[in-house]
Amino acid sequence: MTKTAQSVWENCLLFIKDNIQDQAYKTWFEPIRAVELTDNALYIQVPSKFFYEWLEEHYVKLLKVALTKELGTGAKLLYKIKMENTYGNKQPFTEQLPSAHRAPVKPQEVDVPLQNKNPELKNPFIIPGIRNLKIESQLNANYSFDNFFEGDSNRLARSAGMAVANKPGGTSFNPLLIFGGVGLGKTHLAHAIGVEIKDKFPDKTVLYISAEIFTQQYIDSVKRNTRNDFIHFYQLIDVLIIDDVQFLSGKTGTQDVFFHIFNHLHQNGKQVILTSDKAPVDMQDIEQRLLSRFKWGLSAELHQPDYETRISILNNILYRDGVEIPEEIIEYVAKNIKSNVRELEGAIISLIAQSSFNHREVTIELAKQVVEKFVKNIKREISIDYIQKVVSDYFQLDIDTLQSKTRKRHVVQARQLAMFFAKKYTKSSLANIGSQIGHRDHATVLHACKTVDNLVSTDKQFRKFVDDINKKLSV
């Protein structure tokens with residue numbers, strides 16, 4: 001028998017009715033109408049935006065289970081919201097929105113062992129003096145693996161994240177350090193791992209926190225003389241996610257306390273996930289004992305997304321917002337904004353807003369206007385290849401000579417300047433810069449940068465080289 005939207009929805013309702021109270025069923029499910037079934041997507045019509053939001057907040061998991069039973073694991077649910085048109089006597093209009101298939105992440109209650117008659121374990125997030133701690137995970141349920149698209153630029157990090165989510169603390173990826181430039185999805189991936197763990201292991205205590213807030217909490221605990229309580233609180237966590245761990249740089253006290261927390265969690269099979277804009281080898285002013293621990297597990301780099309991944313990201317944003325625009329416009333945006341995911345999202349959202357608020361059709365001309373204005377406001381990243389070309393031209397060398405093993409003074413200086421400007425103008429790691437400029441290692445790049453700094457302050461002619469090349473690269 002061929003499935004129809006009506007038959008699929010009726011079977012879903014039979015399951016739903018068995019799992020909720022009659023009054024809730026009558027209020028929230030009887031008014032719904034099934035309107036369309038395409039492949040594995042069921043479209044249901046609801047009477048208002050509030051109705052849609054209530055279902056998503058309170059019944060999304062129940063709906064997901066019911067629909068999966070009928071249509072399989074790839075099932076999708078989409079809402080059509082029929083709204084009366086108050087302007088004149090026009091027909092009602094319909095807004096279409098997809099289901100997030102995900103409820104908000106609930107707080108985790110943790111029973112703390114009582115060691116004296118009046119225990120006061122300080123929860124840095126709430127208030128001191130409580131026995132049962134309700135730990136808010138601080139995870140954003142919208143940052144899931146479902147909308148973190150896999151491509152060559154992020155495959156290692158995403159796969160490692162999935163492995164950790166399936167077996168937190170039980171893989172060799174502990175800690176998992178995700179690093180890369182701005183806007184490439186480090187925070188999104190860190191949240192996605194936490195959200196997936198909460199889905200699979202609801203009893204695990206997961207906590208997401210930025211290194212900046214962690215530092216402030218530690219400073220507060222020292223002021224209040226509650227340092228031990230601060231450490232004890234963090235030792236209760238099953239999965240600790242620290243964002244932007246490079247902010248611990250130079251903060252000796254915070255590094256010391258994090259070292260003790262890290263050791264306790266790692267020794268007890270708890271999972272630690274870190275994000276950073278630098279690889280461990282490039283981090284400055286971080287204690288060696290802490291850096292060595294960052295290298296115990298896996299360091300996975302996120303690169304700029306490739307064209308196919310950018311297309312997938314744009315299509316997902318449009319699907320999420322219930323917007324349709326021509327394929328050629330999606331391709332135009334993807335081709336012209338390459339630097340990172342955040343800027344890509346910003347451009348397509350600006351385009352949708354321009355069209356919506358100004359009542360203009362989305363055309364290629366409008367897309368060009370939006371992208372042009374958007375790209376002008378972005379400090380475009382200069383590539384290492386371009387830097388090598390500018391430096392080679394300035395010293396009248398070819399790039400092969402610049403990258404060669406020769407130790408002639410003028411070539412060595414040109415090579416060192418290329419490395420110096422690559423570090424200044426790109427987000428690449430020292431190892432990556434070295435490998436692109438003559439297959440050198442990160443130590444050579446570090447030495448080159450220090451040499452340039454020294455010569456700038458002692459050699460007038462060399463300082464002119466730096467100023468001239470800097471002007472060419474800043475244009």
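The following exercises, each with a worked solution, concern a predicted model of a single chain.

**Exercise 1. The chain as a whole**

Task: State how many helices and strands the chain has, and what share of its residues is buried.

Solution.
- Step 1. The secondary structure consists of 20 helices and 11 strands.
- Step 2. The chain has 475 residues, and 47% of them count as buried.
- Step 3. The accessible surface is about 24,900 Å², with 49% of it belonging to carbon and sulfur atoms.
- Step 4. Take the contacts between residues at least 6 apart in sequence: 70% of these join residues at least 24 apart.

**Exercise 2. The order of an open sheet**

Task: Find the strand order of the five-stranded open sheet and say which strands stand at its edges.

Solution.
- Step 1. The order is 8-9-10-7-11, and the pairing is parallel.
- Step 2. Strand 8 (206–210) and strand 11 are at the edges; each has a single partner strand, so one side of each has no neighbour in the sheet.
- Step 3. On average, neighbouring strands of this sheet are turned by 15° against each other, direction ignored.
- Step 4. For the pair at one end of the order, strand 7 (residues 176–180) and strand 11 run parallel and are joined by five bridges. Within this pair, L177 has S299 of strand 11 as its bridge partner, and G180 stands opposite L302.

**Exercise 3. The two faces of strand 11**

Task: Sort the side chains of strand 11 by the face to which they point, and say which are buried.

Solution.
- Step 1. Strand 11 covers residues 298–302, and its side chains alternate.
- Step 2. L298, A300 and L302 point to one face and are buried.
- Step 3. S299 and E301 point to the other face and are not buried.

**Exercise 4. Helices lying across the strands**

Task: List the strands that helix 5 and helix 6 lie across, with the angle given for each helix.

Solution.
- Step 1. Helix 5 (residues 155–166) lies across strand 7, strand 10 (271–276) and strand 11; the angle to strand 11 is about 135°.
- Step 2. Helix 6 (residues 186–200) lies across strands 7, 8, 9 (239–243), 10 and 11, running at about 150° to strand 7.

**Exercise 5. A helix pair**

Task: Describe the packing of helix 8 against helix 9 by axis distance, angle, handedness and residue classes.

Solution.
- Step 1. Two packed helices are described by the distance between their axes and the angle between them.
- Step 2. The axes of helix 8 (residues 227–235) and helix 9 (residues 252–267) come within 9 Å and cross at roughly 35°.
- Step 3. The crossing is right-handed.
- Step 4. Helix 8 contributes R227, F230, I231, Y234 and Q235 to the contact, while helix 9 contributes D256, V257, H260, I261, H264 and L265.
- Step 5. By class, the contact has six nonpolar, three polar and two charged residues.

**Exercise 6. Three buried residues**

Task: For L314, S153 and S392, give the location, the relative accessible area and the contacts beyond four places in sequence.

Solution.
- Step 1. L314 is in helix 11 (residues 307–320). Its relative accessible area is 0%, under the 20% cut-off, so L314 is buried. L314 is in contact with I330, V333, A334, L344 and I348, leaving aside neighbours within four places in sequence. L314 and V333 are 19 residues apart in sequence, and their C-alpha atoms are 8.6 Å apart.
- Step 2. S153 is in the loop between strand 6 (132–135) and helix 5. S153 is buried because its relative accessibility is 6%, under 20%. Not counting residues up to four places away, S153 touches E301, L302, H303, Q304, P305 and D306. S153 and L184, 31 residues apart in sequence, have a C-alpha to C-alpha distance of 9.3 Å.
- Step 3. S392 is in helix 15 (residues 384–394). With a relative accessible area of 1%, S392 is buried. S392 is in contact with L397, D398, I399 and L402, again leaving aside neighbours within four places.

**Exercise 7. Backbone geometry in loops**

Task: Give the backbone value and the location of P175, Q138 and D244.

Solution.
- Step 1. N174 and P175 are joined by a cis peptide bond with omega of about 5°. P175 is in the loop between helix 5 and strand 7.
- Step 2. Q138 is not a glycine, yet has a positive phi of about 65°. Q138 is in the loop between strand 6 and helix 5, and is partly exposed at 34% relative accessible area.
- Step 3. D244, also not a glycine, has a positive phi of about 55°. D244 lies in the loop between strand 9 and helix 9. At 24% relative accessibility, D244 is partly exposed.

Notes: Residues are numbered from 1 along each chain as its sequence is written. This is a predicted model: local features need pLDDT of at least 70, side-chain atom pairs count only at pLDDT 80 or more; totals for chains, interfaces and linings use all residues. Side-chain values use heavy atoms; hydrogens and water are left out. Buried means under 20% relative accessible area, exposed over 50%, partly exposed in between (1.4 Å probe, protein chains only). Contact means heavy atoms within 4.5 Å. Accessible areas come from the Shrake-Rupley method with a 1.4 Å probe; for residues, only the protein chains shown count as cover. Two strands pair if DSSP finds at least two bridges between them. Axes are lines fitted to C-alpha atoms, for helices over the stretch in contact, and angles run from 0 to 180 degrees between N-to-C directions. A crossing is left-handed if the near helix is turned anticlockwise from the far one by less than a right angle, and right-handed if clockwise. Ala, Val, Leu, Ile, Met, Phe, Trp, Tyr, Cys and Pro count as nonpolar, Asp, Glu, Lys and Arg as charged, and the others, Gly among them, as polar.
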